[in-house]
Every structure is written in structure tokens, then in C-alpha cells.
Amino acid sequence: MKKIENFHLITQEIADQTSIQLTKKFLSAGGKWVQLRMKNTPEETILETALEIKKLCEKCNASLIINDNPEIAKKVNADGVHLGKNDISPSEARKILGGNFIIGGTANTISDIKYLVDEGVDYIGLGPFRFTTTKKNLSPVLGIEGYTNIISEMKKNNITLPVVAIGGIEMEDISVLMKTGINGIAVSSLIAKNESPENITEKIINELK
């Protein structure tokens with residue numbers, strides 16, 4: 001199983017840029033972790049896209065995580081799957097995938113995290129940091145205080161799973177967020193909607209160093 005990177009790209013399809021095009025730019029700038037997220041898309045299209053992105057990730061020794069769908073993760077032999085709060089449970093996904101796949105889960109509270117620990121996830125996507133239009137039915141926004149409190153609760157409970165912050169993160173938020181004790185960040189619009197996805201990717205990598 002690959003290590004959990006500290007910088008995750010979550011793809012999005014926008015008017016003039018597909019997930020494949022975005023992934024190419026991200027990987028060319030040194031990115032190492034791609035979560036393929038294609039909502040309201042036929043499974044066949046997701047599968048085709050995932051196979052293309054898998055090839056790109058293999059060339060760059062990067063990890064491919066499939067959002068929501070363990071079956072597709074298994075078919076394309078991705079590195080893992082990321083499950084939202086309304087998806088199949090991580091333990092069910094583990095039955096489908098076996099022990100060699102990474103399973104991430106979305107959390108908004110310490111009780112979400114305790115549930116995910118019991119379910120055997122490998123990392124936590126904790127958020128949202130702030131309001132974001134990328135996700136429908138958004139959980140309550142955490143802000144810096146929310147992350148600080150939850151990381152503190154995790155320490156009290158001896159929970160050491162990697163935590164990746166997600167949800168509306170901007171460049172200027174990264175250093176402050178990292179000081180809360182999280183392990184990394186996941187971004188989507190920050191890269192996808194930037195004039196130069198390559199430049200912003202390089203900047204984020206340097207910021208996280």
C-alpha cells in the first residue's frame with residue numbers, strides 16, 4: 001500500500017478542461033495523488049477516464065483514488081477509494097477490495113472519525129474548511145477552530161490516522177491549516193479553475209514543504 005500523500009487533487013470536469021487534461025497538468029508539476037471525482041456521470045465514462053488516468057499516474061509513480069466507487073477502483077486496479085458519508089461503508093468496501101487498497105473516508109466531527117476508525121479506513125478527509133460550491137449537501141463548515149478542536153480530540157483518543165483537510169481551501173489558508181496538526185490538504189477548484197494548474201500545483205508543493 002502506498003503512503004498517504006500530503007497533497008491531494010480532486011478532479012472536476014469544467015467547460016474547457018476534462019479530468020484527464022487536469023491530471024496531466026497536475027502530474028507534470030510534481031503532484032502525486034489524484035482522486036477521480038465524476039458526479040452524475042455514466043459508469044462507463046468514469047471507467048474509461050479512470051483507465052486513462054491510471055496510465056498517467058503509473059508513469060509518474062502517483063496514486064489514483066476513485067471517489068465513491070469500489071467496483072471501479074477494483075476494475076482499473078486503482079490504489080484505493082474515497083468514500084463520502086452517504087456512500088457504501090468502508091468495511092463493505094474492504095470486502096470488495098481486500099487489504100491492499102487504500103480506503104479514505106469523509107468526516108465532519110470527532111464521532112465521524114471514531115466511526116471511520118472502527119470501519120478500518122486508512123485516512124480521513126476532514127471538512128469542509130469553508131463553504132464550497134463543489135459539493136452539494138455540505139456539512140457544517142469547520143474553519144481553523146474546528147480543525148484545532150478535532151485534532152486535539154483525536155490526540156486524547158490516541159487516534160493517529162492521517163487527516164487531510166478539504167473544502168474551499170485557498171493558497172493563503174495552507175500554512176495556517178497545517179499548524180492545526182493535520183497531515184495534508186485536498187483541493188479541487190484551487191487548481192482546476194486556476195489559469196495555470198501547473199504553476200499553482202508547484203506553489204502548493206513548495207508551501208507544503
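This is a guided tour of one predicted model, arranged as a series of selections to make in the viewer.

**Helix 2**

Begin by selecting residues 43-59, which make up helix 2. The 17 residues of this helix should span 24 Å at 1.5 Å a residue, and the C-alpha atoms at its two ends are 25 Å apart, which agrees.

Next, colour Ile46, Thr49, Ala50, Ile53, Lys54, Leu56 and Cys57, the residues of helix 2 that are buried. Where do they sit around the axis of helix 2? They cover an arc of only 165 degrees, which puts them on the same side of the helix. The helical repeat helps in reading this pattern: an α-helix has 3.6 residues a turn, so residues three or four places apart point the same way.

To see what the buried residues of helix 2 pack against, add helix 1 (19-28), strand 2 (33-36), strand 3 and helix 3 (70-75) to the display. Then turn to the face directed away from the buried side, where Glu44, Glu58 and Lys59 are exposed. Helix 2 is followed by Asn61, whose phi is positive, near 55 degrees.

**The two cysteines**

Select Cys57 and Cys60 and display their sulfur atoms. A disulfide is a covalent bond between the sulfur atoms of two cysteines. Why is there no bond from Cys57? The closest cysteine sulfur, in Cys60, is 7.3 Å from that of Cys57, too far for a bond, since a disulfide requires the sulfur atoms to be within 2.5 Å. The count for the structure accordingly stands at zero disulfides. The surroundings of the two residues may also be compared: Cys57 is buried, with a relative accessible area of 1%, whereas Cys60 is partly exposed, at 26%.

**Ile66 in strand 3**

Move to residues 63-67, which form strand 3, and select Ile66 within it. Is Ile66 buried or exposed? Ile66 is buried, with a relative accessible area of 1%. Apart from neighbours within four places in sequence, Ile66 is in contact with Leu36, Ala50, Ile72, Ala73, Val76, Ala78, Gly80, Val81 and His82. One of these, Ala50, was already coloured among the buried residues of helix 2. For a longer view, draw a line from the C-alpha atom of Ile66 to that of Gly168: the two residues are 102 residues apart along the chain, and the separation is 20 Å.

**Aromatic pairs**

A pair of aromatic rings is described by the distance of the centres and the angle of the planes. The structure has three aromatic pairs. Select Trp33 and Tyr123, one of these pairs, which is edge-to-face, with 5.7 Å from centre to centre and 90 degrees between the planes. Trp33 lies in strand 2 and Tyr123 in strand 6 (residues 123-126), so the pair ties together parts that are 90 residues apart in sequence. Trp33 is buried, at a relative accessible area of 0%, and Tyr123 counts as buried at 1%.

Now select Phe129 and Tyr147, whose ring centres are 6.2 Å apart and whose planes stand at 45 degrees, so this pair is tilted. Phe129 belongs to the loop between strand 6 and helix 6 (143-156), while Tyr147 is in helix 6, 18 residues apart. Both Phe129 and Tyr147 are buried.

**Salt bridges**

Side chains of opposite charge can pair when their charged atoms come close. How many salt bridges does the whole structure hold? A search finds 10, and the tour stops at some of them.

- Select Lys95 and Glu92, whose side chains meet in a salt bridge of 3.0 Å, N to O. Both lie in helix 4 (residues 90-97), three residues apart, about one turn of the helix. Lys95 counts as exposed at 65% relative accessibility, and Glu92 is partly exposed at 36%.
- Select Arg94 and Asp122, which also meet in a salt bridge of 3.0 Å, N to O. Arg94 lies in helix 4 and Asp122 in the loop between helix 5 (110-119) and strand 6, so the pair ties together parts that are 28 residues apart in sequence. Arg94 counts as partly exposed at 21%, and Asp122 is buried at 18%.
- Finally, select Lys3 and Glu5, whose closest N and O atoms are 3.9 Å apart in a salt bridge. Lys3 counts as exposed at 59%, whereas Glu5 is buried at 18%.

How values were computed:
Residues numbered from 1 in each chain as written. Predicted model: local features only at pLDDT ≥ 70, side-chain atom pairs only at ≥ 80, totals over all residues. Heavy atoms only, no water. Buried < 20%, exposed > 50% of the residue type's maximum accessible area, 1.4 Å probe, protein only. Helix = DSSP H or I, 4+ residues; strand = E, 2+ residues; numbered from the N terminus. Contact = heavy atoms within 4.5 Å. Expected span 1.5 Å × (residues − 1). Arc of directions from axis to C-beta. Phe/Tyr/Trp six-rings, centres within 6.5 Å; stacked < 30°, edge-to-face > 60°. Salt bridge = Lys/Arg side-chain N within 4 Å of Asp/Glu carboxyl O.
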